[in-house]
Amino acid sequence: MGRQVTITLNVAAPGRNEVERLAAPILERLGGHGEVSAEPYWKIEGTWMVTADLGVREGDSVTLVGQVLGLLGVQAPVEGDADVADATWFDDETPFEGVDWISVSASHPGQVEAEIEELVPLPPDPPLSEEEVDVLMTKLRGDDDGRG
């Protein structure tokens, strides 16, 4: 069964044109890719997240992630199993200009990777009246059997 393979690059660059220029040699080395997106990375100013769909490839996830890393000439521990695996390469001595780190993942086609979203704080609750506090405390203490 094939696995969907995706690569994400963290690229330090002042703008989208420079990001595309720096990411191109890596993506070309992988022998073709599908859709590519580049978005400013909100955690580190001046860096971009470049994500490319490498398509569905035959093999287990661990092997596929290792193959992509091998094509790039980098090594990183692969975590996961035959179904879902990923690896993140990071090194101060980067062979790729402007690239801070590379993440490769493989999973079942159509499986959507969960993304962490920043939580939006809820507005504070309005203050309770003295009567509402008494009712609440009665229920919490168990003095009220709920019938009345």
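**Exercises on a predicted model**

A kink of about 35° lies at Ala23 in helix 1, shortly before the proline Pro25. The model is predicted, and the exercises below begin with this helix.

**Exercise 1. Describe helix 1: its extent, its span and what follows the helix.**

Solution.
- Step 1. Helix 1 covers residues 16-29, which makes 14 residues.
- Step 2. From the first C-alpha to the last, helix 1 reaches 20 Å. At 1.5 Å a residue, 20 Å is expected, and the span is close to that value.
- Step 3. Set the bend beside this span: the kink of about 35° is at Ala23.
- Step 4. After helix 1 comes Gly31, with a positive phi near 75°.

**Exercise 2. Find which residues of helix 1 are buried, and which elements they pack against.**

Solution.
- Step 1. Apply the cut-off: a residue counts as buried when its relative accessible area is under 20%.
- Step 2. In helix 1, Val19, Leu22, Ala23, Ile26 and Leu27 are buried. Ala23, the site of the kink, is thus on this list.
- Step 3. Look for the packing partners of these buried residues. Four strands and a helix appear: strand 1 (2-12), strand 2 (36-40), strand 3 (47-58), strand 6 (99-107) and helix 2 (61-72).

**Exercise 3. Work out how strand 5 is paired and which way its side chains point.**

Solution.
- Step 1. Start with strand 4 (residues 79-80), which runs antiparallel to strand 5 and is joined to strand 5 by 2 bridges. Glu79 has Asp86 of strand 5 as its bridge partner.
- Step 2. Trace the connection: a hairpin of 4 residues joins strand 4 to strand 5.
- Step 3. Turn to strand 6, which is also antiparallel to strand 5, with 6 bridges between them. Here Ala85 is partnered by Ala106 in strand 6.
- Step 4. Assign the faces of strand 5 (residues 85-90). Ala85, Ala87 and Trp89 point to one face and are buried. Asp86, Thr88 and Phe90 point to the other face and are not buried.

**Exercise 4. Place these elements in the whole chain.**

Solution.
- Step 1. Count the elements: the protein chain has 3 helices and 6 strands.
- Step 2. Read their order along the sequence: β-α-β-β-α-β-β-β-α.
- Step 3. Consider burial and surface. The chain has 148 residues, and 30% of them count as buried. About 10100 Å² is exposed, with carbon and sulfur atoms supplying 52% of that area.
- Step 4. Consider the contacts with a separation of 6 or more: 56% of them are between residues 24 or more positions apart.

Terms used. Residues numbered from 1 in each chain as written. Predicted model: local features only at pLDDT ≥ 70, side-chain atom pairs only at ≥ 80, totals over all residues. Heavy atoms only, no water. Buried < 20%, exposed > 50% of the residue type's maximum accessible area, 1.4 Å probe, protein only. Contact = heavy atoms within 4.5 Å. Areas by Shrake-Rupley, 256 points an atom, 1.4 Å probe, with all protein chains shown as cover. Expected span 1.5 Å × (residues − 1). Bend = angle between axes of the 7 residues up to and from the residue. Pairing = 2+ DSSP bridges.
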